[in-house]
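Student: Hey, can we go through this structure together? I'd like to get a feel for how to read one.

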Amino acid sequence: QLQLVESGGDSVQPGGSLRLSCVASAGTLDTYAVGWHRQAPGTQRDLIAAIAIDGNTNYADSVQGRFTISRDNSANAAYLQMNSLKPDDTARYYCSAGNYYKGVYYSTAGWGQGTRVTVSS
């Protein structure tokens, strides 16, 4: 019965920043790991960041050093801070709730509907 809602997507110039939010509108996030994913038109959906229940984080090479995933269990939410944005970051961004298995994140408990990010001049 977990339900997730993303927000914060916008149109921004290259080099700009955005902060995406993922809030559980039903259920709670504190017993799940959380992932952020993105999908550009004509491409597959890729995992770009994940955070475990204990706060340990993992990032795809494409966003390492520019994006930061975090969580606030008191707010029943997770976040993705995106800095130094590039045109290649243009995509629809989704959050998910899941689990780690042997160090790999899997989306097992639910997805949000996504929020659109456009980076262009």
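**A loop residue to start with**

Tutor: Sure. Let's begin with G15, which sits in the loop between β2 (11-12) and β3 (18-26). Keep in mind that this is a predicted model.

Student: Okay, is G15 buried or exposed?

Tutor: G15 counts as exposed, because its relative accessibility is 53% and the cut-off for exposed is over 50%.

Student: And what does G15 touch, if I skip residues up to four places away in sequence?

Tutor: With those skipped, G15 touches S84 and L85.

Student: How far apart are G15 and D46?

Tutor: Their C-alpha atoms are separated by 22 Å, and along the chain G15 and D46 are 31 residues apart.

Student: Let's zoom out. How many helices and strands are there in the protein?

Tutor: The protein has zero helices and 11 strands. Reading from the N terminus, you get β-β-β-β-β-β-β-β-β-β-β.

Student: How compact is the protein, then?

Tutor: It's as compact as a globular protein of that length, because its radius of gyration is 13 Å, close to the 14 Å that the globule rule gives for 121 residues. Along the principal axes, the C-alpha trace spans about 40 × 30 × 25 Å.

Student: What share of the residues count as buried?

Tutor: Of the 121 residues, 41% count as buried. As for the surface, the protein exposes about 6,200 Å², with carbon and sulfur atoms supplying 45% of that.

Student: What about contacts between residues that are far apart in sequence?

Tutor: Take the contacts with a separation of 6 or more: residues 24 or more positions apart account for 56% of them.

Student: Got an example of a residue with partners like that?

Tutor: Try A33, which is in strand β4 (residues 33-39). A33 and Y100 are 67 residues apart in sequence, yet 7.1 Å apart in space, C-alpha to C-alpha.

Student: Which residues does A33 touch, not counting residues up to four places away?

Tutor: A33 touches I51, A52, I53, R71, S96, A97, G98, N99, Y100 and Y105.

Student: So is A33 buried or exposed?

Tutor: A33 is buried, because its relative accessible area is 3% and buried means under 20%.

Student: New topic: aromatics. How many aromatic pairs does the count come to?

Tutor: The count comes to two aromatic pairs. One of them is Y94 with W111, an edge-to-face pair at 6.5 Å centre to centre, with 80° between the planes.

Student: Where along the chain are Y94 and W111?

Tutor: Y94 is in strand β9 (residues 91-101) and W111 is in strand β10 (residues 104-111). They're 17 residues apart, and the pair links distant parts of the chain.

Student: Are those two buried or exposed?

Tutor: Y94 counts as buried, because its relative accessibility is 10%. W111 counts as partly exposed, at 39% relative accessibility.

Student: And the other pair?

Tutor: That's Y100 and Y105, also edge-to-face, at 5.9 Å centre to centre with 70° between the planes. Y100 is partly exposed, with a relative accessible area of 27%, while Y105 is buried, at 8%. You've met both already: A33 touches Y100 and Y105.

Student: Nice, that ties things together. One last thing: how many positive and negative charges are there?

Tutor: There are 9 positive and 9 negative charges, and their mean positions are 4 Å apart.

Key. Residues numbered from 1 in each chain as written. Predicted model: local features only at pLDDT ≥ 70, side-chain atom pairs only at ≥ 80, totals over all residues. Heavy atoms only, no water. Helix = DSSP H or I, 4+ residues; strand = E, 2+ residues; numbered from the N terminus. Rg over C-alpha atoms; globule rule 2.2 N^0.38 Å. Buried < 20%, exposed > 50% of the residue type's maximum accessible area, 1.4 Å probe, protein only. Contact = heavy atoms within 4.5 Å. Areas by Shrake-Rupley, 256 points an atom, 1.4 Å probe, with all protein chains shown as cover. Lys, Arg positive; Asp, Glu negative; His and termini not counted. Charge placed at Lys NZ, Arg CZ, Asp CG, Glu CD. Phe/Tyr/Trp six-rings, centres within 6.5 Å; stacked < 30°, edge-to-face > 60°.
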